[in-house]
Amino acid sequence: MRLNKLLLILFTTLSFATISRAEDKAIKGFSGGMMVHSGYQFGGDNPYNLHISSPTFGIGGCAKLHFTDHFRAGFEGYFSNVGLKEKSGFQSGSHNKVFWAGALAEWFRKCDRFTPFAGAGTGGGMETSCYILAGDKHDWIPEGSAIYRKQPFFYVDPYIGTEYKVGGALRLIMKADWLLAINSEGLNRPQGPRIYFGIIFAR
């Protein structure tokens, strides 16, 4: 999963580099930054009747080109992790991790210091499930009962939010979404809402 984090950082850096070189007069500006998020995931689509119901935490970022006074589009990438608790039937070290990246488009409107927006992202990602049913991550004893699975997916991610202009190019951002991940078997679970907080730089 360290590779996914490195790819996420590289993705955001390259996006900023590309945008900073944009000289097309049709582009009215650009913005981008990093966000942390928290949310709650629930459900399960495994054959073992293991139901996930737990908070999730993660980090990611986006970069956007402003094409009109009310429309912008760009790229995004995020990583989110659900640590599973023993009371849910899992042992220490169990987790469900999701990485996704793709394109986004959104409508926005400037209202003094606030800029509310609504949009959607679409692209692809990977879910990594590690369920330890017996044993413990803190020892060196081979686990006799564990499940490890990776599942690629296509996603659609509707969201709403707002930015607040602090001063100059600096903005604070808050948004909420519900990632709809679709794999070969249908709608991917667990799923649930996330709330993002971060910093955006805009020109």
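Strands are DSSP runs of E at least two residues long, and they are numbered from the N terminus. With that convention in hand, the following exercises work through a predicted model.

**Exercise 1. Describe the overall make-up of the protein chain, and place Asp112 within it.**

Step one is to take stock of the secondary structure, which comes to one helix and ten strands. Read along the sequence, these elements follow the pattern α-β-β-β-β-β-β-β-β-β-β. Of the 203 residues in the protein chain, 43% are buried.

Step two is to locate Asp112, which is found in the loop between β4 and β5 (114-134). Its backbone deserves attention, since phi of Asp112 is near 60°, a positive value in a residue other than glycine.

Step three is to decide whether Asp112 is buried or exposed. The relative accessible area of Asp112 is 77%, so the residue is exposed, given that the exposed class begins over 50%.

**Exercise 2. Find which residues make the nonpolar surface patch, and explain how Val156 is classed.**

Begin with the members: Tyr40, Phe42, Phe154, Val156, Trp178, Leu180, Ile182 and Leu187 together make a nonpolar surface patch of about 640 Å². The elements that contribute two or more residues to this patch are β1 (29-43), β6 (145-167) and β8 (180-183).

Next, turn to Val156, whose place is in strand β6. Because its relative accessible area is 33%, Val156 is partly exposed; the partly exposed class lies between the buried limit, under 20%, and the exposed limit, over 50%.

**Exercise 3. Compare the linings of the cavities inside the structure.**

The structure holds two cavities of 30 Å³ or more, and they can be taken in order of volume.

The largest cavity has a volume of about 110 Å³. Among the 14 residues that line this cavity, those closest to its centre are Gln41, Val98, Leu179, Pro190 and Arg194. Both β3 (71-83) and β4 (95-108) supply at least two residues of the lining, and the largest share, three residues, comes from β3. By class, the lining of the largest cavity divides into five nonpolar, eight polar and one charged.

The second largest cavity has a volume of about 40 Å³. Its lining includes Met35, Cys62, Glu76, Phe117 and Lys175, and the elements that give two or more residues to it are β2 (52-66), β3, β4 and β7 (170-178). Here the classes come to seven nonpolar, no polar and four charged residues.

Setting the two side by side, the lining of the largest cavity has eight polar residues, whereas the lining of the second largest cavity has no polar residues.

**Exercise 4. Return to Pro190, and state what joins this residue to Arg189.**

First, recall that Pro190 is one of the residues closest to the centre of the largest cavity. Second, place Pro190 along the chain, where it lies in the loop between β9 (186-187) and β10 (193-202). Third, look at the bond itself: Arg189 and Pro190 are joined by a cis peptide bond, with omega of about 15°.

**Exercise 5. Characterise the largest pocket by volume, lining and residue class.**

The volume of the largest pocket is about 260 Å³. The pocket is lined by 15 residues, and His66, Phe108, Lys110, Arg171 and Ala202 lie nearest its centre. Sorting the lining by class gives two nonpolar, three polar and ten charged residues.

Key. Residues are numbered from 1 along each chain as its sequence is written. This is a predicted model: local features need pLDDT of at least 70, side-chain atom pairs count only at pLDDT 80 or more; totals for chains, interfaces and linings use all residues. Side-chain values use heavy atoms; hydrogens and water are left out. Patches are made of residues with over 30% relative accessible area and no salt bridge: like charges are joined within 9 Å, nonpolar side chains (Val, Leu, Ile, Met, Phe, Trp, Tyr) within 5 Å. Accessible areas come from the Shrake-Rupley method with a 1.4 Å probe; for residues, only the protein chains shown count as cover. A salt bridge is a side-chain nitrogen of Lys or Arg within 4 Å of a carboxyl oxygen of Asp or Glu. Helices (H or I, at least four residues) and strands (E, at least two) are DSSP runs, numbered from the N terminus. Buried means under 20% relative accessible area, exposed over 50%, partly exposed in between (1.4 Å probe, protein chains only). On a 1 Å grid over the protein atoms alone, a cavity is a set of points where a 1.4 Å probe fits but cannot get out, and a pocket is an open set with protein on both sides within 12 Å along at least five of seven lines; lining residues have an atom within 4 Å of a point. Grid points are joined across faces, edges and corners, and a volume is the space filled by probe spheres set on the points. Ala, Val, Leu, Ile, Met, Phe, Trp, Tyr, Cys and Pro count as nonpolar, Asp, Glu, Lys and Arg as charged, and the others, Gly among them, as polar.
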